[in-house]
Each structure stands twice: as structure tokens, then as C-alpha cells.
Amino acid sequence: MPVLAARISGGPSPEPVLRGPVELVTDRLAAEFLTVPLSAVARCVADTWACGEHLGLDVTPEIVERVARERLLGLVNSAPPSRR
């Protein structure tokens, strides 16, 4: 079984060819999830893309956006209510 090496930079980064589609998906989701930090949205998109590729799926920006949106919805909906 191959060993996966962790990146020192803190996570997966898309290949240079994919930077355009990944950034477009990140921008769309960041505009939709204003309460989530941009870095968290970008990480979610990159992780979703990497997971799809790891599973051997034919990864497209549309699929990544849909899956990442569900993950971000879970993140937002799992946050405890603020105390007043």
C-alpha cells in the first residue's frame, strides 16, 4: 500500500492546470458562505477535489462545487448558537 506524504504547506493544492476551475469554485462558494473564512472555503474545495481524485472519480468543477457546498452547509449548521 503506498504511503501518502503530508505537504508541509498545510494541505493539498491543485495541479497548476486545475487552478482556474478550483479558484472559480472557491470564489462562488465564498460568496455564498460569507460567515466561513475564505481559507476554510478554499481548503474545503481543495480537499473535495483531492478526495474525488483519490477515489478515482471523473472530477469536474460542478461535482466539486456540489460536494463542497454540502460540506460547508454541514459546517455552518453544526456551529453552536451564539450566546447573548
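Student: Which backbone oxygen does the side chain of T26 reach, and at what distance?

Tutor: Let's start inside this predicted model. T26 sits in helix α1, and its side chain points us to a partner in the backbone. That partner is the backbone oxygen of V22, reached at 2.8 Å.

Student: Is T26 buried or exposed?

Tutor: A residue counts as buried when its relative accessible area is under 20%. T26 has a relative accessible area of 8%. That value falls under the cut-off, so T26 is buried.

Student: Which residues does T26 touch, not counting those up to four places away in sequence?

Tutor: Good thing to check on the structure! We set aside residues up to four places away in sequence and look at what T26 still touches. The list is L38, V41, A42 and V45.

Student: V45 is in that list. Which residues is V45 in contact with, leaving aside its neighbours within four places in sequence?

Tutor: Here we turn the view around and stand at V45. T26 appears again, as one of the contacts of V45. The full set is V22, V25, T26, L29, V64 and A68.

Student: Which residues of the largest nonpolar core touch the most other members?

Tutor: In soluble globular proteins, nonpolar side chains tend to be buried together. The largest nonpolar core here has 14 residues, and α1, α2 and α3 each supply at least two residues of this core. The members that touch the most others are L29, V41, V45, V64 and L72.

Student: How many helices and strands does the protein chain have?

Tutor: Follow the chain from the N terminus on, and the elements run α-α-α. Counting them gives three helices and zero strands.

Student: What share of the residues of the protein chain counts as buried?

Tutor: The protein chain has 84 residues. T26, with 8%, and C44, with 9%, are both examples of buried residues. Over the whole chain, the share that counts as buried is 26%.

Student: Why is C44 in no disulfide?

Tutor: A disulfide is a covalent bond between the sulfur atoms of two cysteines. For C44, the nearest cysteine sulfur is that of C51. The two sulfurs are too far apart for a bond, because a disulfide needs them within 2.5 Å. Their separation is 9.4 Å.

Student: Is C51 buried, partly exposed or exposed?

Tutor: Buried means under 20% relative accessible area, exposed means over 50%, and partly exposed lies in between. C51 has a relative accessibility of 42%. So C51 counts as partly exposed.

Student: With which side chain does the side chain of E65 make a polar contact?

Tutor: E65 has its place in helix α3, residues 61-78. It is buried, with a relative accessible area of 12%. Not counting residues up to four places away in sequence, E65 touches V25, R28 and L29. The polar contact, at 2.9 Å, is with the side chain of R69.

Student: Where is T35 found, and is it buried or exposed?

Tutor: T35 is found in the loop between α1 (19-32) and α2 (38-54). Its relative accessible area is 71%, and exposed means over 50%. So T35 is exposed.

Student: What distance separates the C-alpha atoms of T35 and V76?

Tutor: Along the chain, T35 and V76 are 41 residues apart. In space, we go from one C-alpha atom to the other. The separation is 8.1 Å.

Conventions: Residues numbered from 1 in each chain as written. Predicted model: local features only at pLDDT ≥ 70, side-chain atom pairs only at ≥ 80, totals over all residues. Heavy atoms only, no water. Helix = DSSP H or I, 4+ residues; strand = E, 2+ residues; numbered from the N terminus. Buried < 20%, exposed > 50% of the residue type's maximum accessible area, 1.4 Å probe, protein only. Polar contact = N/O pair within 3.5 Å; in protein donor to acceptor, adjacent residues only side chain to side chain. Contact = heavy atoms within 4.5 Å. Core = buried A, V, L, I, M, F, W, Y, C linked by side-chain atoms within 4.5 Å.
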